[in-house]
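Please examine the structure below with the following explanation at hand. The text begins with a term that the description requires and then proceeds through the model.

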Amino acid sequence: MSHPYHLLFSFLLFLFLTKTNGNPVNSSIPNCPSPTCGNLTIKYPFWLSSQNPDFCGYPSFNFTCNNQQKLIFHLPNDSYYVTNINYSRNTLTLVDIDVIGKTCPRARHNVSLEPVIPHLNYSALDENLTFYFNCTDYHSLDGDLPCLSNDQNHSFMFRAGSIPEFDWFRYCEDCVVAPVLESEANVMSTGAFGGVLEKGFELGWSSVLNCAACEESEGYCGNNKSNGEFICFCKDGPHPRSCYRGVM
């Protein structure tokens, strides 16, 4: 027959093991680990596709981690390396994978955020570089990129506010606008645009519609799988908008 003290110890141990951070294990707060990829930690509002359920972050804010431990963010038109995430400033730094390790990269696409990822926006630290490729009938050497030009066609790059008057879209094969960090563009030497592109650019994120009140109440934003409606996951169960009682 078990000794009463043994029974009491077993009961207390059971209570301890069924608590996590002071909350019951069946709490409605999602069980969302914070995995790492390289030297970066992924946590709300982002989530790692291979390790987190989709309710662990904002829709479309999912990352992948490749075999080289490089964190990748997939925007509508291309994929980018994530080189920094600042959770206190709500910013992340992205680098176009196509420009890595190239002294004379050919920027191939504009960065597309809307409407698929409407909660991301450019940082005030960014500046646009505008590239015109394979142009004819423009004879000035201002902005000329010799490494992307030949005897018949020339390519050009201009910083914001310095584009000369010319019918670029008529006489050029392609135009690409690439965001970069303004601080890097300020120290860019002639022809050294590859290093500036490789430093990347910064995006900020804002709360998803209906999500701000939930986050302010220490809840986690999610969606009802059956009807797609917004849910705020709270310690005492799901709420329609906020963990504060009486807030609808």
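Strands here are DSSP runs of E with at least two residues, and they are numbered from the N terminus. By that numbering, Q69 is found in the loop between β6 (62–65) and β7. The model is a predicted one, and its confidence should be considered before the details. The mean pLDDT of the protein chain is 82, with 83% of its residues at 70 or more. Residues 4–26 have a pLDDT below 50, and beyond near neighbours in sequence this stretch has nine contacts in the model. Where pLDDT is low, the predicted coordinates should not be read in detail.

One sheet consists of seven strands in the order β5-β6-β7-β8-β9-β14-β10; this sheet is open and its pairing is mixed. Its edges are formed by β5 (47–48) and β10 (120–122), and each has a single partner strand, so one side of each is left without a neighbour in the sheet.

Within this sheet, β7, β8 and β9 can be followed through two successive hairpins. Strand β7, residues 71–75, pairs with strand β8, residues 78–86, in the antiparallel sense over four bridges. Two residues make up the connection in the hairpin that joins β7 to β8. At this pairing L75 has D78 of β8 as its bridge partner, and I72 stands opposite Y81 in β8. Strand β8 also runs antiparallel to strand β9 (residues 91–96), to which six bridges join it. The bridge partner of N86 is T91 in β9. Four residues lie between β8 and β9 in their hairpin, and N90 in the turn has a positive phi of about 60°.

Two further backbone features occur in loops that precede strands of this sheet. Most residues other than glycine have a negative phi, and most peptide bonds are trans. Against that background, Q69 has a positive phi, near 60°, in a residue other than glycine. The peptide bond that joins Y44 and P45 is cis, with omega of about 10°. P45 has its place in the loop between β4 (40–41) and β5.

A second sheet is open and holds three strands in the order β12-β11-β13, with antiparallel pairing. Strands β12 (154–159) and β13 (172–181) stand at its edges with a single partner strand each, so one side of each is left without a neighbour in the sheet. From one strand to the next, the twist averages 20°. Strand β11, which covers residues 126–135, is joined to β13 by nine bridges, and the two run antiparallel. One bridge partner relation in this pair links F133 to D174 of β13.

Strand β13 also leads to the interior of the model. The structure holds one cavity of 30 Å³ or more, and the largest cavity has a volume of about 130 Å³. It is lined by 15 residues, of which D96, A178, P179, L197 and F201 are the closest to its centre. The elements that give two or more residues to this lining are β13 and α4 (193–199). Strand β13 gives the most, with four residues. By class, the lining comprises 11 nonpolar, two polar and two charged residues.

Methods. Residues are numbered from 1 along each chain as its sequence is written. This is a predicted model: local features need pLDDT of at least 70, side-chain atom pairs count only at pLDDT 80 or more; totals for chains, interfaces and linings use all residues. Side-chain values use heavy atoms; hydrogens and water are left out. Two strands pair if DSSP finds at least two bridges between them. Axes are lines fitted to C-alpha atoms, for helices over the stretch in contact, and angles run from 0 to 180 degrees between N-to-C directions. pLDDT is the predictor's confidence in each residue, from 0 to 100. Contact means heavy atoms within 4.5 Å. On a 1 Å grid over the protein atoms alone, a cavity is a set of points where a 1.4 Å probe fits but cannot get out, and a pocket is an open set with protein on both sides within 12 Å along at least five of seven lines; lining residues have an atom within 4 Å of a point. Grid points are joined across faces, edges and corners, and a volume is the space filled by probe spheres set on the points. Ala, Val, Leu, Ile, Met, Phe, Trp, Tyr, Cys and Pro count as nonpolar, Asp, Glu, Lys and Arg as charged, and the others, Gly among them, as polar.
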